[in-house]
Amino acid sequence: AECESPSTVLCAFYFARIFGIADKLDVSPLFETPKALEGASRFFDVMFENAEYREAVRRRGRLAVQTGFSDAGRFMGQITAVLAIERLHGHLARAMERHGLTDVEVLIFDTHGESAGRGAHPASFEDRAYYVMSPWSRKQFADRGLRLRHEVSFQGGDGYIHFQTPELSLATVTRLVEADVAWPDKAQGDELYERTNFVFDFFRRLGAYHGTMLDDRSYHRALGSFAQGLLNDTGSRKSRRQFDVAGGEVHQIRRIRAIPHNAMLQQLGYPVNVVAGFGSAIKGEEDRFAELYTQSDRLRRLTAL
């Protein structure tokens, strides 16, 4: 589940060693909350400074982490979350180089689903592959000699539609392999990474918009009072999480799981976690944004949502 403290990972390794399975197990922290994503740099440094952890990773030959798009997109806004996850990739690559862990494989598993609200790009499989793991991110690992294994999930309707027949399965896997081969050509000179001041301001404003929206009680009431009645019951999981506190003490948005949350926004006709906040984020910088849009493959892929 969501991991916000390096002690969680170290405790898991400790118990794995006690049970004699440390060499057979990958302990893979999931970065999905704003706190976890924003504190990733310090998280990795604390974890990698532990000599026994580094030795355990070397024995295993692999360091595994997960990044989640569902809850991150719900709390930060999908575009903000994607940029935060991309930033985490850079932190991880630099931290591994800094702590001498360039001799192990890096496994990054992206948990995302079939909708734009959960990090699945609606255009093509190339867009989908580069949306969750950008060419810039891949280059951070390649430039440091780190072996990267990138895994993604196909959940819900994805798991049926794209793998329904052998022919569809072959086509799906082929598109993903093509994207995995072609990324170096996409990683050269994207203007998004040259204009750091503008991108930081855009990122900060967009994140602030979604933070303000999450504090707006009317947003919680809109989804928590009647909107769940718009959905059919599906699967075995309840649409609301269970908490050990009174209902009034927990924001409705935190009680509702990511999938029904996104479904309700779609039923209401306004998927705010995907499209809201752009006006606020580029206010006064419209011309610069338009210019950068024409020059940056990454920005066009982000805004295509």
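## Salt bridges, aromatic pairs and enclosed space in a predicted model

Asp-26, Arg-60, Arg-62, Glu-105 and Arg-149 are joined in a network of salt bridges, a salt bridge being a side-chain nitrogen of Lys or Arg within 4 Å of a carboxyl oxygen of Asp or Glu. The model is a predicted one, in which local features need pLDDT of at least 70 and side-chain atom pairs count only at pLDDT 80 or more, while totals for chains, interfaces and linings use all residues. Residues are numbered from 1 along each chain as its sequence is written, and side-chain values use heavy atoms, with hydrogens and water left out.

### Salt bridges

Side chains of opposite charge can pair when their charged atoms come close. By the rule given above, the count comes to 22 salt bridges, and the table lists three of them.

| Acidic residue | Basic residue | Closest N to O distance |
|---|---|---|
| Asp-103 | Arg-58 | 3.3 Å |
| Asp-127 | Arg-301 | 2.7 Å |
| Asp-143 | Lys-139 | 2.7 Å |

The bridge between Arg-58 and Asp-103 links distant parts of the chain, with Arg-58 in helix H4 and Asp-103 in the loop between H6 and strand S3 (105-111), 45 residues apart; helices (H or I, at least four residues) and strands (E, at least two) are DSSP runs, numbered from the N terminus. Arg-58 counts as partly exposed because its relative accessibility is 31%, and Asp-103 is likewise partly exposed, with a relative accessible area of 46%. In these terms, buried means under 20% relative accessible area, exposed over 50%, and partly exposed in between (1.4 Å probe, protein chains only).

Asp-127 and Arg-301 also form a salt bridge, and since Asp-127 lies in helix H7 (residues 125-132) and Arg-301 in helix H18 (residues 297-303), the pair ties together parts that are 174 residues apart in sequence. Both Asp-127 and Arg-301 are buried. In the bridge between Asp-143 and Lys-139, Lys-139 counts as partly exposed, at 25% relative accessibility.

### Aromatic pairs

The structure holds 12 aromatic pairs, where rings of Phe, Tyr and Trp (its six-membered ring) pair if their centres lie within 6.5 Å, and planes under 30 degrees apart count as stacked, over 60 as edge-to-face and the rest as tilted. Phe-31 and Phe-43 make an edge-to-face pair, with 4.9 Å from centre to centre and 75 degrees between the planes. This pair links distant parts of the chain, Phe-31 being in strand S1 and Phe-43 in helix H3 (residues 40-48), 12 residues apart, and both Phe-31 and Phe-43 are buried.

Phe-44 and Phe-48, by contrast, form a stacked pair, at 5.9 Å centre to centre and 15 degrees between the planes. Because Phe-44 and Phe-48 are four residues apart in helix H3, about one helical turn separates them, and both are buried. These four Phe residues belong, with Phe-13 and Tyr-53, to one aromatic cluster.

### Cavities and a pocket

Two cavities of 30 Å³ or more are present in the structure; on a 1 Å grid over the protein atoms alone, a cavity is a set of points where a 1.4 Å probe fits but cannot get out, a pocket is an open set with protein on both sides within 12 Å along at least five of seven lines, and lining residues have an atom within 4 Å of a point. The largest cavity encloses about 70 Å³ of space, and its lining includes Phe-13 and Tyr-53, together with Leu-25, Asp-26, Arg-60 and Arg-62. Helix H4 (51-60) and strand S2 (62-68) each supply at least two residues of this lining, and H4 gives the most, with four residues.

The second largest pocket has a volume of about 440 Å³. Among the residues that line this pocket are Glu-86, Arg-87, Arg-94, Trp-136, Tyr-193 and Phe-200, and the elements that give two or more residues to its lining are helix H6 (78-98) and helix H11 (196-214).

### Leu-25 and Leu-292

Leu-25, one of the residues lining the largest cavity, lies in the loop between helix H1 (6-18) and strand S1 (30-31) and counts as partly exposed because its relative accessibility is 33%. Leu-292, in helix H17 (residues 286-295), counts as buried because its relative accessibility is 0%. The C-alpha atoms of Leu-292 and Glu-178 are separated by 27 Å, the two residues being 114 residues apart along the chain.

Conventions. Grid points are joined across faces, edges and corners, and a volume is the space filled by probe spheres set on the points.
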